[in-house]
Amino acid sequence: MSQSAVAEVPVQPVQRRRFLKPDTQTAMLFLLPSFLGFMAFMALPIAASLALSFTNWQLISTPSFAGFQNYVRLFTVDPAFYTVLRNTLLFAVEYLTLNIIVSLTLAVWISSLRHGKAIFRVIFFLPTFTPTIAASVVWLLIFTPDGLADSLIRSLGLGLPNFLLSTTWAMQAIVLVTLWANVGYNVVMFNAALDLVPRHYIEAATIDGANAWQRFWRIRLPLISPTIFFATVMTAITSLQVFDEIYAMTRGGPGSATATLGFAIYQKGFANFQMGYASALAWVMFIMIMALTILQFRMQRKWVHYGD
């Protein structure tokens, strides 16, 4: 072949391989605002709080590195920490138990109705629309001395003290208000799950002679166990973070009877300006929530039944 023929062969341009497909690039473009918002308002503050937990910062002064001093102070020096921790755990256990039992009971009752299901779903869900602070202020007026609650107690001759002024009953008032405000979420979820249970399962069990309790315990409850598990995890997380009701109604009192980790973080950080110590408290709360969530996911294998 002559040199002229070789020269006439067209040279194919080298195509560069794209790092991302066009569809992926478009998706990332749409996700970018949310990602930037997450980094600015979630990831960076979380990282900053972790860094602050190893410092001594009075908010108006320059932070100074303190190592593990804040954590050592938590567990060895500050006696109030264990009181706050105990109150948080007691509230979480009581509120979580009551929330699941009450919401499941109401959901089963609504599911058994032939008419008016939607109305009762709306009624029980309505309190969740109310801002927590606003609802807590209304309940504060109810529980004040000589308020509606005291008048009702006297009329019934129960002889109980004012709830918010009693170290024994103040936490029970917080549990009651929190339950009233949030039970509607789980009522609606459980009711929706119960309505999705295949009807022929119930009919077959009825034909076999199963009574109402057996049909619920052996058929309906196992089939809605994934929903119960989800509600338990989410309710446990929110119960460990309780703050609004305590801030509006008791401010941690009387004494420290209703002081929880959430309120202690606010008090140390924004009342006493001990931001490093408050950050350490926040990370203790985070570790508690993570540990409890991991434990729940491990235990779900024993009682949660997922369909094929």
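This passage describes the nonpolar cores, one buried polar residue and the aromatic contacts of a predicted model.

According to an unreviewed UniProt entry, residues 85-296 carry the feature "domain: ABC transmembrane type-1". Across residues 85-296 the chain is 75% helix and 0% strand. The C-alpha atoms at the two ends of this stretch are 20 Å apart.

A good place to start is the packing of nonpolar side chains. The largest nonpolar core comprises 21 residues, and the most contacts inside it are made by Phe 91, Phe 143, Ile 174 and Met 249. At least two residues of this core come from each of helices H4 (80-112), H6 (132-143), H7 (148-156), H8 (170-195) and H12 (244-249). Helix H8 gives the most, contributing eight residues. Leaving aside residues up to four places away in sequence, Phe 91 touches Leu 96, Met 171, Ile 174, Val 175, Thr 178, Ser 239 and Val 242. There is also a second, separate core of 20 residues, and among its members are Ala 264, Ile 265, Leu 281 and Ile 289.

Helix H4 also holds a polar residue worth a look, Asn 87. With a relative accessible area of 5%, Asn 87 falls under the 20% limit and is therefore buried. Its side chain reaches two backbone oxygens: that of Ser 256 at 2.8 Å and that of Ala 257 at 3.5 Å. Beyond four places in sequence, the residues that Asn 87 touches are Met 171, Ser 256, Ala 257, Thr 258, Ala 259 and Thr 260. Met 171 is thus a contact of Asn 87 and also a contact of Phe 91.

Aromatic side chains offer a further view of the model, which holds 24 aromatic pairs. The ring centres of Tyr 266 and Phe 270 are 6.3 Å apart and their planes meet at 25°; because planes under 30 degrees apart count as stacked, this pair is stacked. Both residues belong to helix H13 (residues 261-271), where they are four residues apart, about one turn of the helix. Tyr 266 is partly exposed, its relative accessible area being 27%, whereas Phe 270 is exposed at 54%.

Trp 283 and Phe 286 form an edge-to-face pair, with 5.0 Å from centre to centre and 70° between the planes. This pair lies in helix H14 (residues 275-303), its members three residues apart, about one turn of the helix. Here Trp 283 counts as buried, at 15% relative accessibility, while Phe 286 counts as partly exposed, at 42%.

Ring pairs also build a cluster, linking Trp 139, Phe 143, Phe 163, Trp 169 and Trp 180. Phe 143 therefore appears in two settings, since this residue is part of the aromatic cluster and is also among the residues with the most contacts inside the largest nonpolar core, a set of buried residues joined through side-chain atoms.

Finally, two arginines are placed over tyrosine rings. Arg 73 lies over the face of Tyr 277, at 3.9 Å from the ring centre. In the other case, the charged end of Arg 251 sits over the ring of Tyr 247, 4.0 Å from its centre.

Key
Residues are numbered from 1 along each chain as its sequence is written. This is a predicted model: local features need pLDDT of at least 70, side-chain atom pairs count only at pLDDT 80 or more; totals for chains, interfaces and linings use all residues. Side-chain values use heavy atoms; hydrogens and water are left out. A nonpolar core is a set of buried Ala, Val, Leu, Ile, Met, Phe, Trp, Tyr and Cys residues joined through side-chain atoms within 4.5 Å. Buried means under 20% relative accessible area, exposed over 50%, partly exposed in between (1.4 Å probe, protein chains only). Contact means heavy atoms within 4.5 Å. UniProt positions are given in the numbering used here, feature names are shortened, and annotations may be inferred rather than shown by experiment. A polar contact is a pair of N or O atoms within 3.5 Å; within protein, one must be able to donate a hydrogen and the other to accept it, and residues adjacent in sequence count only if both atoms are side-chain atoms. Rings of Phe, Tyr and Trp (its six-membered ring) pair if their centres lie within 6.5 Å; planes under 30 degrees apart count as stacked, over 60 as edge-to-face and the rest as tilted. A charge sits over a ring if NZ of Lys or CZ of Arg is within 6 Å of the ring centre and within 35 degrees of the ring normal.
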